[in-house]
Amino acid sequence: MNQYKIAHIADLHLRDSQYGFSSRSAQFYTSAMEALKTAIDNGADTILLSGDIVDSVRPSSGVVHQLRAMHTWLVQKKVRALFIPGNHDASTPHWAEIVRNDDDIYGFTPIYDRGVYTIPDSKITVYGTHFMSPPEFRANVASMPEADIFMWHATLSEFPGYHVDGTLSMSDVPEHKYKVVALGDLHISDARRRVTDDTIFAYPGSTEMCSSSESLQKNIIMYKFSGGYVEYEFIPFATTPILVGTADNEAELDELITAVEVNKDKLKIVLVKYNMRLSELGRNVRDELTRALPKAIIRVTPYSELVKLNEVSKLQDMSDITLASVLLTLVTGDDPVHELCAALIDPAASTEDVFNAWWLKYNTTTV
């Protein structure tokens, strides 16, 4: 039986810059195009874009130019990219609509809040919605139509691994209503089937690194519709070469420099965190990386070394639990952050004066 392939992409976040570097704009666009090319090279008949195509509701002319170039390329390839807005690009109309011509059959195709869309040359149906808060979604989900695919930009508590009161979850989607819930918002590549009805809930993740906490491996998801069943697979694609590391001592700095030297011909970005108490090490990290990669984006930032939160439970009784004691338990006494917090505890302290004095003291030695 013939398969119909649908590629799922999300969170392109096209933008003007990152970390203050305008060169990141072209890198975000290039990675987004790599995701689209990977989809088509692997036989995608249609593409889903589940929100946050751009990073702002008011993109610059440069970002709009990128959108127009992307749309033109999709039209030339005769591929539809069905899209919904996310929380970052929830404008009316969406900017991807503005770059369309009225008679375009292919390219960016808005489907949110337009009823059920049937993909031409197939019987596969898709329904998408605008970005909704959890209360708005819960109030409207029962009236949403059935479809094979539901496109939705939201965070579901099962995927980040924690639950906050009010957070949406897979259980908020009625059973047996959709075969695939094509998600955007979380920058992770993950998918799972709901055991009660076999519905696939899936995030492809972002197409370029938006935060150093993200995985540097980026993927599209390919859904394969065959008869009444849907299979899926993650397919990786190339993005900007980035190295993320930590340097807490000279030995780790040496290891980091070795890794940079091995990959210096391809690295474009190096992001390093170092212990805030080791300000001289931070200076050495920046100097060594700048020497090794004079044309790359180098970002060196300090972090505060915190003790595990469960250390607070070692305080013996309620009389021990004061703001000062908890601070000392969580942050070592020689940490600059401890000095700042201890000063701010003083009710008579001026927050602005304390912070400015602290910043002037440590900014002279912190990279």
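# Notebook: rings, sheets and cores

**Entry 1: a charge over a ring.** I began with R114, which lies over the face of Y112, at 4.9 Å from the ring centre. The model I am reading is predicted. I then looked for another case of this kind. R192 sits over the face of F159, and here the distance to the ring centre is 4.2 Å.

**Entry 2: overall make-up.** I looked up the secondary structure next. The chain holds nine helices and 15 strands. Its length is 367 residues, and 47% of them count as buried. I also checked how contacts spread along the sequence. Taking contacts with a separation of 6 or more, 66% come from residues 24 or more positions apart.

**Entry 3: the six-stranded sheet.** In what order do the six strands of the open sheet run? I read β4-β3-β2-β1-β11-β12, with mixed pairing. The edges are β4 and β12 (229-237). Each has a single partner strand, so one side of each has no neighbour in the sheet. Neighbouring strands here are turned by 25° against each other on average, direction ignored.

I then took one pairing in detail. β1 (residues 4-9) and β11 (residues 218-226) are antiparallel and share five bridges. Within this pairing, Y4 stands opposite F225 in β11. Helix α1 (residues 23-41) packs on the sheet and touches β1, β2 (46-50), β11 and β12. The direction of α1 makes about 135° with that of β12. Helix α2 (residues 61-77) lies across β2, β3 and β4. Against β4, α2 runs at about 100°.

**Entry 4: Y232 on the edge strand.** I picked Y232, which is found in strand β12. Is Y232 buried, partly exposed or exposed? I find 28% relative accessibility, so Y232 counts as partly exposed. Beyond its neighbours within four places in sequence, Y232 is in contact with A191, R192, R193, I200, I221, M222 and Y223. One of these partners, A191, is 41 residues away along the chain, and the two C-alpha atoms are separated by 8.9 Å. R192 comes up again in this list; it is the arginine over the face of F159.

**Entry 5: aromatic pairs.** How many aromatic pairs does a search of the whole structure find? I get nine. I opened F83 and F108 to begin with. Their ring centres are 6.1 Å apart and their planes stand at 80°, so the pair is edge-to-face. F83 belongs to strand β3 (residues 80-84) and F108 to strand β4 (residues 107-110), so the pair ties together parts 25 residues apart in sequence. I checked burial too. F83 has 0% relative accessibility, so it counts as buried. F108 is also at 0% relative accessibility and counts as buried.

Then I turned to Y127 and F150. The ring centres are 6.1 Å apart, with the planes at 15°, so this pair is stacked. The cut-off for stacked is planes under 30 degrees apart. Y127 lies in strand β6 (residues 125-128) and F150 in strand β7 (residues 149-153), so the pair links parts 23 residues apart in sequence. Y127 and F150 are buried. Which residues do ring pairs link into a cluster with Y127? I list F137, F150, W152 and Y178.

**Entry 6: nonpolar cores.** I looked up the largest nonpolar core and found 52 residues in it. Those with the most contacts inside this core are I47, L49, F108, I149 and Y223. F108 is thus a name from the ring entry, paired with F83. I followed I47 outward. Leaving aside neighbours within four places in sequence, its contacts are A7, I9, L36, A39, I40, L74, V79, R80, A81 and L82. Another core lies apart, with 20 residues, among them V141, V181, L183 and Y203.

**Entry 7: the three-stranded sheet.** I closed with the open sheet β13-β14-β15, whose pairing is parallel. Why is one side of β13 left without a neighbour in the sheet? β13 (242-247) stands at an edge with a single partner strand, and β15 (297-303) does likewise, so each has a side without a neighbour. The average turn between neighbouring strands is 15°, direction ignored. β14 (residues 269-275) is joined to β15 by seven bridges. Y274 stands opposite P302 in β15. Helix α5 (residues 250-263) packs on this sheet, touching β13 and β14. The direction of α5 makes about 170° with that of β13.

Key. Residues are numbered from 1 along each chain as its sequence is written. This is a predicted model: local features need pLDDT of at least 70, side-chain atom pairs count only at pLDDT 80 or more; totals for chains, interfaces and linings use all residues. Side-chain values use heavy atoms; hydrogens and water are left out. A nonpolar core is a set of buried Ala, Val, Leu, Ile, Met, Phe, Trp, Tyr and Cys residues joined through side-chain atoms within 4.5 Å. Buried means under 20% relative accessible area, exposed over 50%, partly exposed in between (1.4 Å probe, protein chains only). Contact means heavy atoms within 4.5 Å. Two strands pair if DSSP finds at least two bridges between them. Helices (H or I, at least four residues) and strands (E, at least two) are DSSP runs, numbered from the N terminus. Axes are lines fitted to C-alpha atoms, for helices over the stretch in contact, and angles run from 0 to 180 degrees between N-to-C directions. Rings of Phe, Tyr and Trp (its six-membered ring) pair if their centres lie within 6.5 Å; planes under 30 degrees apart count as stacked, over 60 as edge-to-face and the rest as tilted. A charge sits over a ring if NZ of Lys or CZ of Arg is within 6 Å of the ring centre and within 35 degrees of the ring normal.
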